[in-house]
Amino acid sequence: MKLVVIGAQWGDEGKGKIVDFLAEEADVIVRFSGGANAGHTIVHDDVTYKLHLVPSGIIAPDTRVILGSGMVIDPESLFDELDRLTAQGVDWEGRVFISDRAHLVLPHYKEIDIEQDRTRIKPIGTTGRGIGVAYAKKASRDGMRMIDSLDPAQVELLPPEDRTFIARFAARYTPLLVDLAAFMRTAAPEEHHLLEGAQGALLDIDIGTYPYVSSGSSAAAGACVGAAIGPRSIDHVLGVFKAYSTRVGNGPFPSEFRGKDTDELEELVRETGREYGVTTGRPRRCGYLDLVALRYACAVNSVDSLALTHLDVYDTVEAPKLCIAYETEAGVIEDFPSDINLLEEARPVTKSFAGWNQPIGECKTYEELPQEARSYIEFIEEFIETPISMISIGYERERTIVRRNPWKV
Ligand code: IMO
Ligand code: MG
């Protein structure tokens with residue numbers, strides 16, 4: 001069985017925690033896109049793990065994890081991360097593999113990335129990890145795949161700094177390389193494969209809020225090319241979203257908290273939800289859950305069910321609101337627009353709900369959740385026409401309510 005997990009917003013939806021939870025039942029986890037721009041936090045047995053390149057399935061024992069063909073990989077960053085995992089007692093040797101078709105991020109890509117964004121008239125606010133440069137080189141056929149970096153004739157064409165860099169890491173990454181297409185083909189039918197996305201649907205290069213996007217295919221469709229499988233083999237697409245919205249960097253964000261009235265709520269969400277970037281430490285922009293954007297994300301990704309995270313962050317909020325339409329110069333719209341100017345000036349039409357005003361972190365079943373929380377959840381499900389199969393009510397793996405196990409479809 002193949003289960004795809006994607007972010008259904010602008011990244012940072014809590015994919016790390018959900019993947020870690022689902023990984024208990026997985027045999028293989030393939031991260032299918034992005035690079036060290038991602039930041040995934042996993043809390044388990046009081047230990048916090050922060051991952052950027054390594055798939056979030058690594059913490060669960062007995063899994064094998066693969067950095068997929070759709071990824072762009074900085075080996076320095078990868079081995080720093082693996083060394084940190086070793087220091088934290090995670091036994092990863094023999095469990096981590098890299099698709100030999102994945103592209104390398106070479107040292108000068110980061111400098112180009114930072115300089116390009118600094119001189120852009122409207123900066124994107126990239127993470128400065130060289131991601132856009134690596135994908136641009138890939139698209140213009142000037143990239144360096146992992147497999148190509150083993151070919152002296154190709155390496156010879158690189159600037160000296162890049163050659164030295166490859167020479168420094170090749171001996172460590174070569175034993176981890178696999179032909180992912182062949183690997184996936186030989187899988188036994190009963191094996192559970194989890195295809196793990198990074199970033200989110202709205203940061204996808206094609207379906208996101210272009211140009212304020214990342215450069216990889218973070219949509220569900222990216223799981224196919226990024227994990228070397230065909231679309232028919234996917235059994236379930238799970239979209240992860242938060243009880244509210246966040247965005248890091250620049251770009252339109254219709255439901256963003258604006259003005260003095262929402263100062264207190266913004267502070268509460270940012271501090272309780274720990275809404276600071278794992279990769280860059282930047283405070284994340286926060287806003288109401290945007291159902292216009294979420295409905296779009298679900299439609300274009302064939303999302304079968306959703307995982308709602310960070311619901312507990314709203315425990316003390318008097319009257320949580322949801323954004324259900326946009327007010328624009330062109331009138332009230334209910335469809336997510338492609339016109340970036342329309343999206344920039346869109347203001348949220350909101351609907352208020354009664355708050356539950358009690359901690360929900362100890363609830364074990366859906367029925368134990370306060371009625372007000374269930375009303376909030378059920379409104380979302382009806383609006384999006386997609387069931388919410390999992391609800392996260394805290395950072396720890398245990399604080400997860402499963403209404404329907406996505407592995408059992
Ligand atoms: P995870 O996997 C949130 C954002 C950056 C910037 C834009 C382009 O943790 O959800 P890039 O360096 O990729 O060229 O930056 O995309 N961005 C993310 N925002 N979560 C992420 O990943 C992100 N990865 C990139 O902030 O606005
Ligand atoms: Mg993140």
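**Pockets, a cavity, a metal site and salt bridges**

Among the elements lining the largest pocket, α4 makes the greatest contribution, with five residues. The structure described here is a predicted model. The volume of this largest pocket is about 760 Å³, and its lining is made up of 39 residues, with Asn37, Ile124, Thr126, Val213 and Ser214 lying nearest the centre. Two elements, α3 (107-119) and α4 (131-139), give two or more residues to this lining. Sorted by class, the residues around the largest pocket are 16 nonpolar, 16 polar and seven charged. At least three of the lining residues come from domain 1 (2-102 + 170-237), and at least three from domain 2 (244-299 + 311-385 + 398-408).

The second largest pocket has a volume of about 460 Å³. Its lining counts 28 residues, and those closest to the centre are Gly14, Thr41, Arg284, His310 and Tyr395. At least two lining residues are supplied by each of α1, β3 and β4 (47-51). Here the classes are six nonpolar, twelve polar and ten charged residues. Where does the second largest pocket lie with respect to domain 1 and domain 2? Both domains give residues to the lining, so this pocket lies between them.

Turning from open pockets to enclosed space, the count gives one cavity of 30 Å³ or more. The largest cavity has a volume of about 50 Å³. Around it stand Ala8, Gln9, Trp10, Leu202, Ser245, Leu289, Asp290, Ala293 and Leu294. The elements β13 (285-290) and α10 (291-300) are the ones that give two or more residues to this lining. By class, the cavity lining holds six nonpolar residues, two polar ones and one charged one. Domain 1 (2-102 + 170-237) and domain 2 (244-299 + 311-385 + 398-408) each provide at least three residues of the cavity lining.

The next feature is a metal site. The magnesium ion (ligand 2) is coordinated by Asp12 through OD and by Gly39 through O, at 2.0 to 2.3 Å. Aspartate 12 sits in the loop between β1 (2-7) and α1 (15-23), while glycine 39 sits in the loop between β2 (28-31) and β3 (40-44), so the pair ties together parts that are 27 residues apart in sequence. Is glycine 39 buried or exposed? Its relative accessibility is 14%, and buried means under 20%, so glycine 39 counts as buried.

Finally, charged side chains deserve a look. Side chains of opposite charge can pair when their charged atoms come close. Across the whole structure, 20 salt bridges are found. One of them joins lysine 15 and glutamate 13, with an N to O distance of 2.7 Å, and both of these residues are buried. Another salt bridge joins glutamate 24 to arginine 397, whose closest N and O atoms are 2.4 Å apart. This pair links distant parts of the chain, 373 residues apart: glutamate 24 is in the loop between α1 and β2, and arginine 397 is in the loop between β18 (388-392) and β19 (400-402). With 52% relative accessibility, glutamate 24 counts as exposed, whereas arginine 397, at 7%, counts as buried.

Glutamate 275 and arginine 284 also form a salt bridge, their closest N and O atoms being 2.6 Å apart. Both glutamate 275 and arginine 284 are buried. These two residues belong to a network of salt bridges that links Asp12, Lys242, Glu275 and Arg284. Two members of this network have appeared above: Asp12 coordinates the magnesium ion, and Arg284 is among the residues closest to the centre of the second largest pocket.

Methods
Residues are numbered from 1 along each chain as its sequence is written. Chains are lettered from A and ligands numbered from 1 in the order in which they are written. This is a predicted model: local features need pLDDT of at least 70, side-chain atom pairs count only at pLDDT 80 or more; totals for chains, interfaces and linings use all residues. Side-chain values use heavy atoms; hydrogens and water are left out. Donors are N, O and S atoms within 2.8 Å of the metal (3.2 Å for Na, K and Ca); water is not among the atoms, so sites may look incomplete. Helices (H or I, at least four residues) and strands (E, at least two) are DSSP runs, numbered from the N terminus. Buried means under 20% relative accessible area, exposed over 50%, partly exposed in between (1.4 Å probe, protein chains only). On a 1 Å grid over the protein atoms alone, a cavity is a set of points where a 1.4 Å probe fits but cannot get out, and a pocket is an open set with protein on both sides within 12 Å along at least five of seven lines; lining residues have an atom within 4 Å of a point. Grid points are joined across faces, edges and corners, and a volume is the space filled by probe spheres set on the points. Ala, Val, Leu, Ile, Met, Phe, Trp, Tyr, Cys and Pro count as nonpolar, Asp, Glu, Lys and Arg as charged, and the others, Gly among them, as polar. Domain bounds come from an automatic or database domain assignment. A salt bridge is a side-chain nitrogen of Lys or Arg within 4 Å of a carboxyl oxygen of Asp or Glu.
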